[in-house]
Every structure is written in structure tokens, then in C-alpha cells.
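Hello,

Here is the structure I promised to pass on. Please open it first, then read the notes below.

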Amino acid sequence: MLRGLYYPRRCKHSVIHIHPGPQHFCPTIFTTTYLLRHFPNVPRRPLQTPDPSIVVFRKAPAGAGYIILVRQQTGEVRVIFPSELALLEHLRIISNSSEGIMISSPFKEGLIAALQGTGKLREQCSEPKYSVTIEDLDQYADQKWEDVLKYMVGGDTLNQDAVKKALTISKLIAWRDDVKDFDISPLGFQFLLQDRQTQLWFYVIHFLKCCQAEGSPIADALGFVFRVAYSTLGNFYSTEALTLTEKFVLRHFAKIGLCYHRKKKSRHYYPTPLGIALRTTSLLGRKDANEGFLIIETNFRIYAYTKSELKISLLKLFAKPLYKLPTMLVASITRSSVRRAMQQGLTAQQILHFLKVEVHCSSRMQSFPSSPFSPIPPTVSDQILLWEQESNRLSTTNGVLFRHIPKPLLHPLLEFTKSQNMCIWYDLDRCLMIISHSSRKAVKDKLRELKTITT
């Protein structure tokens, strides 16, 4: 057994429960119920294109799919599901009248076109001049998405203003006045801990909200997202049938690696494995599998067995790097590094959750997969929590100091500031008073009024 390494034991004093905090992400977030809640204007436009039609049919509850299929085949629906029926009516897929349940013609035509592989959007187009292999698409997608994640943790600069705007609106990065630049937010730190598909959906959802806020037709944008998610990897698609909004979404997706569009005037585009990952994670392979890369010792030293600059940058947020080898980084968790991370908005629970998720598989309890015991040494986890409590003992408040206040005016002024919740601190013996910064003008006017009355 190596000296200093922590091997989990089933003892009473080594139990620590780590909660990752509120879950802001969900891999299956893009369902019809989510569309109704966040994009209420979408149902007003009938789902008349193949891609949204097939997605709604696949993602709809089982009862809604039954209504669509039975009404399509036999024309008579014998079993009624009230909630599913209301959902289909709200999406304007069906109409329930005295004549019975009728499927709208645009949705019916779009669904048939999707199932048969026909329609204007699926017509054949000419071969592209520059062919792209699946390996090239995979490499291109990984590079683009890694650039976005590296920028979030303070790595390389990102020359994409549209991507920066989406990251800012989604609150994954925030402006810091002390460094005069954008830095990762606590929500962004939690975002980096999620799997790849969850990251993609979270980003796409907030990007669609940006499009909706700017007045773009959200139905066109949603339709293109569906089209990319349900495309075939390796096939090329024409841009001639795309609307202006769909072309705008395509250019943005090319910047983050969901699509490959060689240049702005190119008439072909390719969906990448990341674009297909909006629908399924099967194309991600083992790249998204988390085997862990951290070995944590009881002396607060961390050995990171990785070559990824992103993981190293993420570790540097709360650990002090000591030295770096070709395939390993050695870092140490110190009081100053943890306090610096907490000043950026990170919490102890987030740091501990990251360590627990990224710990190497050899440090986990393989024989007890459902064990509540943490692979993090108790000395490390407890000390990080204590450092957070230490930093939370003191809080700072902006204020203005008033001194040399005449003693006859001190008590009336103190009563006024207390009644208005303006006083932060006072000293009657030394005639000092600290009031909130926002109430500076009101206190000065009150002091001037008291001086006028006494004179």
C-alpha cells in the first residue's frame, strides 16, 4: 500500500454526504412539456415540417402517440387520455369537435413525409466539392466544443462574440470587476461537471431563448434543431431550402461544433457527432465515460493523470499546481487556493462533488457500488468545509464614515438613521457613525437640518 494514499474504509467516522446542489440540467429536457412551458408561442404555428413532426411524435407521451396512430389508421379513438388529448390540442396537432378527433393536415403531411423520407427538405442535392469524413467531423466537433469550455475556465481566448453572448445570458460566465474580464460562474462550474449531452441541451435551450428575445421565428430555429438531431452522421444536407433564421442557427452551430459548415457561402453542411448527441449518446462512445483521473492523498496533494488542458484548468480553479509532467499534474489543495475559488463564487460542496466525480476508479469502492462512503479522505473534505465556514464568518458591507459629529446632534441623528435602517455601526464616545452607502445623501441632509435647528 502506498504511503499517504487514502483507501476508503467502512468506519463510522469516515462518512461524509456530498450533495451536488440543485440540478439545473436534465438530459431529456427537450420534451413537449418543456416546449409548452418555455416557448409558449411555438404551438401557435402548426408543426408542418417533417422534423418537428417526427420529434413531437417520438417525444410525446404514450397516450398521445396512441391517439395519433389510431386516428391515422382507423379513424376512431376508443380510449381517451384527457391530459394527452389536451396536450395535442394545445400543440394544434388535433382538433376535438362534435365530429370527433381530427388530425391537422400540416402535422399529418409532415409526419408522413418524415416516415417516408420525402419532402422538400429531404430532396437530393448535388455532391459537395470538398468531402468530409466522419473522423474529420468528430475531430472538428471536439475541437470547437473544447474551445468553448476552455474559454469558460479562463483558457484560450474565444473569437466568437455570439458564443460569448450566449454564455453570458445563460449565466455560465460572469463579469468580474477585479480582473476586468469574464470568469466562470458557480452555475458554469456545475455545468462543466455534467455529461456532454446535458451540456449541449443546456446551451441550446438558452441559445433558443436568445433567438426568441431578438425576435427571430422560434419555430424555424426549433425545426432546425430537430433536423440536426435526427440527421444521419456522414450525410451532407443542402442549405438552399433553409430560411434566414435556420441559416443563422446553422452558422452558430458551426461555431460550437454541432454542424460543419465550411464557409458562409457553402451550400452544404454536415451534422457532427455532437449534433447527433442531442438525440442519442451512442455516437459519443467512451469519450463521455467517466473513469476518473484524480488520486487524492491525505496530505491534500492531488495527482491528476490527464493530458487534457480543460481538466487541468478546471483543477487549477481551487488547487495550487506544484509541477507538471507529460502525463500528470501534481497539485495541492491549500487554504489560499480554496479561498480564492470561493471568492469567485464556488462553494465547498461543488469542489467536493467535482473531486468525488473525477476521482480515479482505483480509489472507489468497487465491491460496494451503492455505498454512501466518499472516496475523498475525510481530512480533506472536512478541511474544505471548515475553510468555507471560516470565509463565511465575516461579511463586508459598503458604508460611509461620519466623524466629528457634534455631540448635541449625535443622538437625534442616530435615532433617525436607526429608524430608517441606515446605521451600520456607531460609537457614542468617539462620535463616529457608519451608515450605508446608498443613504449618504439623506444623512447629510438630515445633519444639515439639525444644524440649522440648533443654530
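**Salt bridges, starting in helix α18**

K441 is exposed, with a relative accessible area of 61%. That is because exposed residues are those over 50%. Please keep in mind that this is a predicted model.

What does K441 pair with? The partner is D445, and the closest N and O atoms of this salt bridge are 3.3 Å apart. Both residues lie in helix α18, which covers residues 440–454. K441 and D445 are four residues apart, about one turn of the helix. D445 is partly exposed, at a relative accessible area of 34%.

A search of the whole structure finds nine salt bridges. Here are some others.

R227 and E246 meet through their side chains, at 3.0 Å from N to O. This pair links distant parts of the chain. R227 sits in helix α10 and E246 in helix α11, 19 residues apart. Are these two buried or exposed? Both R227 and E246 are buried.

E390 and R339 form another salt bridge, with 4.0 Å between the closest N and O atoms. E390 lies in helix α16 (residues 378–392) and R339 in helix α14 (residues 335–343), so the pair ties together parts that are 51 residues apart in sequence. E390 is partly exposed, at 26% relative accessibility. R339 is partly exposed as well, with a relative accessible area of 26%. R335 belongs to the picture too: R335, R339 and E390 are linked in a network of salt bridges.

**Aromatic pairs**

Now the rings. A search of the whole structure finds 14 aromatic pairs.

W145 and Y203 make one of them, and its geometry is edge-to-face. The centres are 5.9 Å apart, with 90° between the planes. W145 lies in helix α6 (residues 134–152) and Y203 in helix α9 (residues 196–213), so the pair ties together parts that are 58 residues apart in sequence. W145 is buried, at a relative accessible area of 1%. Y203 also counts as buried, at 2% relative accessibility.

F224 and F253 form a tilted pair. Here the distance is 6.1 Å centre to centre, and the planes are 45° apart. F224 lies in helix α10 (residues 218–229) and F253 in helix α11 (residues 244–256), so this pair ties together parts that are 29 residues apart in sequence. Both F224 and F253 are buried.

Helices α10 and α11 have now come up twice. R227 in helix α10 and E246 in helix α11 share a salt bridge. F224 in helix α10 and F253 in helix α11 share a ring pair.

Which residues do ring pairs link into a cluster? The members are F207, F224, Y237, F248, F253 and Y269.

One ring has a charge over it. R279 lies over the face of Y230, at 5.3 Å from the ring centre.

**On the surface**

L322, Y323 and L325 make a nonpolar surface patch of about 260 Å². Y323 is found in strand β10, residues 320–325. Y323 is partly exposed, with a relative accessible area of 42%. That value can qualify Y323 for the patch, because patch residues need over 30% relative accessible area.

Q420 is worth a look if you are tracing loops. Q420 lies in the loop between α17 (407–419) and β13 (423–427). Q420 is partly exposed, at a relative accessible area of 45%. Where is Q420 relative to S439? They are 19 residues apart along the chain, and their C-alpha atoms are separated by 9.2 Å.

**The whole protein**

Finally, the overall numbers. The protein has 18 helices and 14 strands. Of its 455 residues, 45% are buried. The exposed area of the protein is about 24800 Å², and carbon and sulfur atoms supply 51% of it.

How much of the contact count comes from residues 24 or more positions apart? They account for 67% of the contacts in the protein with a separation of 6 or more.

For a quick tour, begin with K441 and D445 in helix α18. Then go to R227 and E246, the buried salt bridge. End at W145 and Y203, the edge-to-face pair.

Best wishes

Definitions and conventions:
Residues are numbered from 1 along each chain as its sequence is written. This is a predicted model: local features need pLDDT of at least 70, side-chain atom pairs count only at pLDDT 80 or more; totals for chains, interfaces and linings use all residues. Side-chain values use heavy atoms; hydrogens and water are left out. Patches are made of residues with over 30% relative accessible area and no salt bridge: like charges are joined within 9 Å, nonpolar side chains (Val, Leu, Ile, Met, Phe, Trp, Tyr) within 5 Å. Accessible areas come from the Shrake-Rupley method with a 1.4 Å probe; for residues, only the protein chains shown count as cover. Helices (H or I, at least four residues) and strands (E, at least two) are DSSP runs, numbered from the N terminus. Buried means under 20% relative accessible area, exposed over 50%, partly exposed in between (1.4 Å probe, protein chains only). Rings of Phe, Tyr and Trp (its six-membered ring) pair if their centres lie within 6.5 Å; planes under 30 degrees apart count as stacked, over 60 as edge-to-face and the rest as tilted. A charge sits over a ring if NZ of Lys or CZ of Arg is within 6 Å of the ring centre and within 35 degrees of the ring normal. Contact means heavy atoms within 4.5 Å.
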